[in-house]
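Please look through the sequence and the model below before reading on. The paragraphs that follow start from one residue and widen step by step to the whole chain.

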Amino acid sequence: MFWVTYRQFRATLLGTLGVIALVGALSLLASLSLRNYAFGSSFGQLDLCYGTGSTACVAQTTLTATTLLTAALPFLIGLFVGGATFSRDIERGTHVLSLSQSVGRLRWYFCRVLIVFVPVVLAMLVLGILFLRVRATNNVWSSFSGFEHSRFVFPIFETSALAPAAYTLAALLIGSAFALLLRHSVGAMVLTLITTVGLLVLLTAGLRPHYATPLVEARPLVDVVTTGEYLGYGSSSRWTVDSNYVDAQGNKLTIDYNACNEDQSFYEQFDQDPDETYAAYEARTDELNRQQIARRADCLAAQGADRFEVEYHVDSQFWRFQATEAALLLTLSALVLGVSTLLVRRLRP
C-alpha cells in the first residue's frame with residue numbers, strides 16, 4: 001500500500017520537494033554573496049539596492065523573492081497538494097478501487113498523510129531553520145514598510161524556524177479535510193485558501209502580540225514631544241506592539257492633536273530679521289522651540305495625559321513565540337485530523 005501510494009503521488013511529492021530545495025539553495029547562495037555588504041539583509045522589500053552594485057542587488061532581490069515565496073508556500077502546498085491528494089481520486093472514483101480491495105479507510109487516508117504530507121512538512125522545517133541561519137549574519141530585518149523591524153513581524157516570523165513547517169502541516173490537513181468534505185477540487189481549493197489565509201491573519205495580527213505580557217516603557221510628556229512618539233519603532237532588538245498616551249491611572253487616552261498645533265503666526269517668527277545676527281537668530285529660535293515643547297506638553301497634560309507608554313516584546317522571546325504559534329497550529333492540525341478521520345469513515349466506496 002505504501003509503495004503504491006508513493007508511485008501514485010511520486011511526481012507531486014518530488015516536485016514539491018524540488019521547489020522547496022530550490023528556494024533554500026537560492027537563499028543560501030544569495031546570503032553568501034552578501035556577507036561583505038553592509039545592507040546584506042533584504043527581506044520583504046523589492047527595492048533595497050542602495051548603490052551596492054549589481055551582484056548585491058540581484059542577491060537582495062533573490063532573498064526578497066524567496067522570502068515572499070516561502071511565506072506563500074504553505075498555502076500553495078495546501079491548495080495543490082493537500083486537497084488534490086484526495087479530491088482527485090474521489091472525483092474520478094478511483095478511490096473505489098483501493099477501498100474495495102480490503103484496504104481500510106483509515107489506512108488509505110494515513111498512507112497518503114505519511115507518504116506525501118510528512119516529507120513536505122519536514123522539508124519546510126529544514127527551510128525554516130535555513131532561513132533562520134541565513135538571517136543570523138545580520139541584525140537588520142526589513143519588511144514591507146522599508147524600516148528596520150524585529151523578526152516577529154511578517155514575513156520574517158512566518159518564514160523562520162518552526163513556522164513554515166507548522167503552517168504547512170495545518171494547510172495540508174485543512175486542504176485534505178475540505179477535499180473529503182466537498183469531494184470537489186475547485187470548491188476544496190477555494191475554501192482552503194480562504195481558511196488558511198484567514199488563519200495567518202488571525203495569528204499574525206490578532207493573537208501573536210498576546211503570546212506573552214508585553215514590557216512597558218513609560219516616557220515623560222516633555223521627552224515624547226522632543227523625540228517623537230515613534231522612537232520605539234525601527235529597532236530590531238524589540239517588537240513594539242502598541243503605544244498610547246495614558247493618564248495617571250494607566251488608562252489609554254485619545255488625544256486631540258489639532259488642539260496642540262501652533263498657528264501660522266508662530267512659524268512666521270522663525271524668519272530671520274534683516275538686521276539680526278545669526279547668533280541672535282539662533283538664540284531666539286532655540287527659545288521658541290523650548291516654548292513650543294513646553295506648550296505642547298501642557299496641552300497634552302490638559303487632556304489628561306500623564307505619560308506616554310510603549311508596549312513591546314524583546315527579541316529574546318523569539319523562540320517562545322515560535323513555540324507558541326507552532327503549538328497552536330499543531331493543536332488545530334490535530335483537530336482537523338480528527339475531523340478528517342470521521343469524514344474518511346463515512347466515505348463510501
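A residue is called buried when its relative accessible area is under 20%, and exposed when that area is over 50%. In this predicted model, L172 has a relative accessible area of 0%, and therefore counts as buried. The residue belongs to helix α7, which spans residues 163-182.

What does L172 touch, once residues up to four places away in sequence are set aside? Its contacts are I77, G78, V81, G82, F117, V120 and V121. Of these partners, G78 is 94 residues away from L172 in sequence, although the two C-alpha atoms lie 4.3 Å apart in space. I77, for its part, touches T16, I20, G82, V120, M124, T168 and L172, again not counting residues up to four places away in sequence.

I77 also appears, with I20, Y109 and F117, among the residues that have the most contacts inside the largest nonpolar core, a set of 32 residues. Two or more residues of this core come from each of α2 (10-33), α3 (54-82), α6 (105-135), α7 and α12 (318-345), and α6 gives the largest share, with twelve residues. Another core, of 20 residues, lies apart from it and includes F75, F152, A161 and F318.

Turning to the protein as a whole, there are twelve helices and three strands, and 45% of the 349 residues count as buried. Among contacts with a separation of 6 or more, 79% join residues 24 or more positions apart. The protein exposes about 17400 Å², of which carbon and sulfur atoms supply 61%.

Notes: Residues numbered from 1 in each chain as written. Predicted model: local features only at pLDDT ≥ 70, side-chain atom pairs only at ≥ 80, totals over all residues. Heavy atoms only, no water. Helix = DSSP H or I, 4+ residues; strand = E, 2+ residues; numbered from the N terminus. Buried < 20%, exposed > 50% of the residue type's maximum accessible area, 1.4 Å probe, protein only. Contact = heavy atoms within 4.5 Å. Core = buried A, V, L, I, M, F, W, Y, C linked by side-chain atoms within 4.5 Å. Areas by Shrake-Rupley, 256 points an atom, 1.4 Å probe, with all protein chains shown as cover.
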